Amino acid sequence: MMRINKIKSPTWNFLKINDTCYDEKITLNGSGRAVVEKIPAGVIIGNESCEGCKGCDIADTGSVRAVKCGMGEEADAFFLKASKESLMIRAKAGRRITEPVNIRYIMENGDSNADRVEIIAEEGSELVVIMDYSSIKYSAGGFLGIQTRIHLAKGARLHLVKVNLLGTGFTCMDDIGVAAEDDAGFELTKLELGSGKCYTGVMVDLKGRKSSFKGDVGYLCLEDKLLDMNYHISHHGRKTVSDLQVKGALRDDSQKTFKGVIDLIHGGKQASGNELEDVLLLSDNVVNKTLPVILCDEDDVEGAHGATIGRLSSDMKFYMQTRGFTEHEAELTVTKAKLNSVRNLIPDDNIHGRIQYFMEEAFKE
Amino acid sequence: MEKERTQVDDIDRSLYDFRYEEKDEDFYRVKEGLTPEIVREISREKNDPDWMLDFRLKSLEIYDSLKVPDWGPDISGLNMDDIVTYVRHKTKMQATWDEVPQDIKDTFEKLGIPEAERTSLAGVGAQYDSELVYHNVKEEVLAQGVIYTDMESALNGEYEDMVREHFMKLVPPTDHKFAALHGAVWSGGSFVYVPPGVKVEIPLQSYFRLNAAGAGQFEHTLIIVSEGADLHFIEGCSAPKYNVANLHAGCVELFVGKNARLRYSTIENWSKNMYNLNTKRALCEEGSTMEWVSGSFGSHVSYLYPMTILKGNDSHCEFTGITFAGAGQNLDTGAKMVHVGERTSSFINTKSISKSGGESTYRSAVVIQNTAKDSKASVSCTSLMLDDRSRSDTIPAMDIRTNQADVGHEAKIGRISDDAVFYLMSRGISEEDAKAMIVSGFADNVSKELPLEYAVEMNNLIQLEMKGAIG
């Protein structure tokens, strides 16, 4: 049994939202390895065995190892045990790399794997990393766990894209930890479309002055999918800024939990944190749990969160129906529009096509 | 450059912190701690019927089996072995103030209760430590068939069956550890029954005063508002400050009948050595309206979240609250809304102010069950931080189990917006006046819901001496 996605500020136990108990046995067979499709100039890719090697550019990973991830300590122990070596990606200082690093996990039916990925963006560098997890068959099953630790040095910028297009029989654990130094910027674009069970933990520590985080998350929960998300943004540094927008739709018998914490820490003056969730409920048996938290230990700050949860508004339905859409088509169109607004932030047309294909499969009657 | 901050005075507690000299021989008290023998002794003193003694002993077993909450403010400073659970003045409850012992009467005079009764209330109950010492209701209200009496009289008189049918049915002892404690040692409180169709034009009020050091107060308020009836009930509480912990674990159960309306207003101003672990719950039938108005100013630690179960179709609830956490206070307040019936609606609107190291937490839960088709819920909470030694958290949970519902939530924490100040200054208002206006307006939507005398008191509590910006 593993307790994951524990929230820093627990609330009533009857809500069953303070943490998540994962009690299924995970048997890893090591199949379904990462494929690095593109390595742009200025990026070094290696693995843990490089560490300490004389003259190896990938050495000195202490800063990234200290980064905490969103799923918590029990997940840390799991990933450390399950994955002997981590894949390491480093952007050299001052290099502005516009071409994305593409890492693909193509998971066949029965594949079961857990990996650790470490990303270091050196001072003043800029990097885009796209990680997509997909299955050839829409109904494929298995397990994929990825833990991604990121250290952004002074002035570095990283756009991390994560797209989950795994088969509906898959369980996916996606654990992310980020530490951002002065003026560093972290942008996360995340689409949770596949896998029947999906657990996501994201911990962003805005350590440095004027460091920033922008998160755009889209999700789709169909059939009996279970989606569990835990986002924690710590504002340690002065003048740090965060903005997290989460949007998605639930249909059939699916269940979703979203916990989002803006943690305005003492000393982080003039910090600003904003969080918004927009949930579209499409069936009567869905379960939606939302816990948007602001923890404020500093006065010279601004924190705000909002949530709107419900069905398609009658005004919108009426408008769409006057344009010839049935109610079902109207819901489908709005759902796709929400997800496409996140998809459009991904700088890779190839992924756009695969997302489109996946959504068509998902919405097939 | 360090920003100047608005100075907001602490709440002036001199009104509540006084204590007249009392003689020990005038009081009956049980030993400190919590044992079956003490529970039996309380029950014997109160002439409980047998079923109530059994209920108390069962509650004690439940209390022993439950753990303290693992999610709220620290209550490790509360040691039940040091708490006296029952303290009673050796006088009987009176129906005129003249017959109330002088020292107790002086206390309530100073708190303004007899004056309020004369000018603006339909009935008053005054509890001193564990028992009511005064209870009176106006003739015209009695003539309407309204029953307003102390819980003991109701339990031992003609309303025993009604009490038995409702007592701790909304808040069962299994609910949490301090509900179980309440079930074991409860004493005092009020019983109100409003017959069908009766509208009580002016409010009833109960005032709870805990004067004894190291004691607990466990009053039980049971209100039944029948079909089509209307009532406003006001609850006030205070205590002088001691260096030892005091405990308040009261329980309020409200039954709001079909198409009835109940407004329950509370001004809580316990002393800063008080652990306020109170439980309040309302059950709303079809078409009914429940309104909570809550001001939390006192206590060392508070756990206070009135819960409303919107069982009947088309029932509605509003919660309006303000919390002011100053030095040495950790006030965890909020509300719970459970939507069960169709077309139910709820609105939570809260404000909180933290200063001088005070900690305030807004905590809520909106639960929309699958049966609550076409329901709506809205939550708005705003917090002001007045210095960087204080803390303010918001922890609102939403659990939605049908697609035929609309839920909205918004929360903000911070200091006064520079844009708002600039806007007002551009209209010719000085910076200091602009800031004063904004802060005064911050709590306005809560204070306007309070009875006039409480609104004035609350505004006095938040006296502002404007100097520079908040923040």
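Biologist: Let's start inside chain B: what covers the buried residues of α9(B)?
Modeller: Helices (H or I, at least four residues) and strands (E, at least two) are DSSP runs, numbered from the N terminus. Buried means under 20% relative accessible area, exposed over 50% and partly exposed in between, using a 1.4 Å probe and protein chains only. The cover over the buried residues of α9(B) includes, all from chain B, α2 (36-45), α3, β10 (220-225), β12 (246-248), β13 (251-256) and β15 (274-277).

Biologist: Before we go on, what kind of model is this?
Modeller: Residues are numbered from 1 along each chain as written, chains are lettered from A and ligands numbered from 1 in the order written, and side-chain values use heavy atoms, leaving out hydrogens and water. Local features need pLDDT of at least 70, side-chain atom pairs count only at pLDDT 80 or more, and totals for chains, interfaces and linings use all residues, since the model is predicted.

Biologist: How many residues of α9(B) are buried?
Modeller: The buried ones include B:K177 and B:H182, along with B:F178 and B:L181. The helix is mostly covered, and its buried count is nine of nine.

Biologist: How are α3(B) and α9(B) oriented to each other?
Modeller: Axes are lines fitted to C-alpha atoms, for helices over the stretch in contact, and angles run from 0 to 180 degrees between N-to-C directions. Helix α3 (residues 50-65) and helix α9 (residues 177-185) of chain B have axes that come within 7 Å and cross at roughly 150°. Angles under 35 degrees count as roughly parallel, over 145 as roughly antiparallel, 65 to 115 as roughly perpendicular and the rest as oblique. So α3(B) and α9(B) are roughly antiparallel.

Biologist: Which residues of α9(B) meet α3(B)?
Modeller: Contact means heavy atoms within 4.5 Å. From α3(B), the residues involved are B:F55, B:R56, B:S59, B:L60, B:I62, B:Y63 and B:D64. Their partners in α9(B) are B:K177, B:A180, B:L181, B:G183, B:A184 and B:V185.

Biologist: Which side chain makes a polar contact with B:T333?
Modeller: B:T333 lies in strand β21 (residues 330-339) of chain B and is buried, because its relative accessibility is 8%. A polar contact is a pair of N or O atoms within 3.5 Å; within protein, one must be able to donate a hydrogen and the other to accept it, and residues adjacent in sequence count only if both atoms are side-chain atoms. At 2.8 Å, the side chain joined to that of B:T333 belongs to B:T323.

Biologist: Over in chain A, what is the relative accessible area of A:Y219?
Modeller: A:Y219 sits in strand β14 (residues 212-221) of chain A, and its side chain makes a polar contact of 3.4 Å with the side chain of A:K256. Its C-alpha is 7.0 Å from that of A:L339, 120 residues apart along the chain. A:Y219 is buried because its relative accessible area is 0%.

Biologist: How are α3(A) and α4(A) arranged?
Modeller: Helix α3 (residues 314-322) and helix α4 (residues 327-343) of chain A have axes 9 Å apart, at about 110°. That angle makes α3(A), relative to α4(A), roughly perpendicular.

Biologist: Last one: what share of chain B counts as buried?
Modeller: Chain B has 13 helices and 27 strands. Among its contacts with a separation of 6 or more, 84% join residues 24 or more positions apart. Of its 471 residues, the buried share is 64%.
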